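Reader: Please take one part of this model and look at it closely. Work outward from there, and keep it brisk.

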Amino acid sequence: AKLLYMAERKRIRVATLSKEQFMGRARTEAAQGVIAYCVEKKPKDIDDLLLNPKAFLVALDGVTDPRNIGAIVRSAEVAGATGVILPKHRSGHLSPSATKSAAGAVEFMEFGLVAGIPTFLQKANKAGVTVYGMAGEATKSLYDLEKSSAATGPIVVVMGSEGKGLSALVRKRCDDLLKIPQVGKTESLNVSAAAAVTLMHLSHLRL
């Protein structure tokens with residue numbers, strides 16, 4: 001009733017669908033009874049994202065699960081990141097499932113689409129942007145970073161795919177590889193959980 005009232009006030013047209021019609025259009029298994037059609041989110045120019053002196057970018061190297069993408073976008077927005085970089089191929093994008101998992105963060109986050117993450121990182125290197133790759137086998141801890149220009153200046157944080165992590169070429173393009181120290185016996189955190197830990201720590205350093 002509240003949604004209907006708000007839609008009426010905003011002069012938004014509302015249509016009632018049968019269950020079959022609704023599920024055919026929802027493109028997600030958990031739409032919770034409401035579908036909203038809105039203007040497509042347009043990607044921002046990559047140069048504009050990189051040349052921001054306060055750039056705090058998150059690049060996703062082969063992350064395919066839309067729920068992970070949405071959760072990472074949510075963490076990035078909460079941490080104050082200035083943009084999320086997605087490759088055009090071999091990656092998930094802003095699907096309805098990803099948008100739902102982001103819990104509204106998509107509306108406040110800038111996005112950049114690139115042909116490939118390695119090429120983007122090469123461009124970041126040339127622009128003087130520090131690139132950190134998150135890798136479980138890295139020797140340097142995330143918590144070894146100090147409140148210095150390397151952490152508080154323009155940076156890109158790269159998160160790898162759910163199975164293989166960072167690709168070999170992406171690793172080479174990183175200025176430093178970092179790990180999240182673990183105590184338990186489980187191999188690693190889920191990529192979205194790892195992103196949340198990483199981004200919130202960096203956000204604290206950048207305050």
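Author: V34 is partly exposed, because its relative accessible area is 45%, and the buried class ends under 20% while the exposed class starts over 50%. The model is a predicted one. V34 sits in a loop. That loop runs between α2 (19–26) and α3 (46–50). On the surface, V34 joins L3, Y5 and M6 in a nonpolar patch. Together the four residues offer about 420 Å² of accessible area.

Now compare a buried position. N68 belongs to helix α4, residues 66–79. Its relative accessibility is 7%, so N68 counts as buried; the cut-off is under 20%. What does the N68 side chain make a polar contact with? The partner is the side chain of E162, at 3.1 Å. E162 is also among the contacts of N68 beyond four places in sequence. The others on that list are V63, N190, V191 and S192.

Helix α6 has both buried and exposed residues. It spans residues 117–126, and its buried residues are I117, P118, F120, L121 and A124. Viewed down the axis of α6, these buried residues fall within an arc of 160°, so they line one face of the helix. T119 and K126 lie on the other side of α6, and they are exposed. After α6 comes G128. The phi of G128 is positive, near 80°.

To recap: V34 is partly exposed, N68 is buried, and α6 has its buried residues along one face.

Definitions and conventions:
Residues numbered from 1 in each chain as written. Predicted model: local features only at pLDDT ≥ 70, side-chain atom pairs only at ≥ 80, totals over all residues. Heavy atoms only, no water. Patch = residues over 30% accessible without salt bridge, like charges linked within 9 Å, V, L, I, M, F, W, Y side chains within 5 Å. Areas by Shrake-Rupley, 256 points an atom, 1.4 Å probe, with all protein chains shown as cover. Salt bridge = Lys/Arg side-chain N within 4 Å of Asp/Glu carboxyl O. Helix = DSSP H or I, 4+ residues; strand = E, 2+ residues; numbered from the N terminus. Buried < 20%, exposed > 50% of the residue type's maximum accessible area, 1.4 Å probe, protein only. Arc of directions from axis to C-beta. Polar contact = N/O pair within 3.5 Å; in protein donor to acceptor, adjacent residues only side chain to side chain. Contact = heavy atoms within 4.5 Å.
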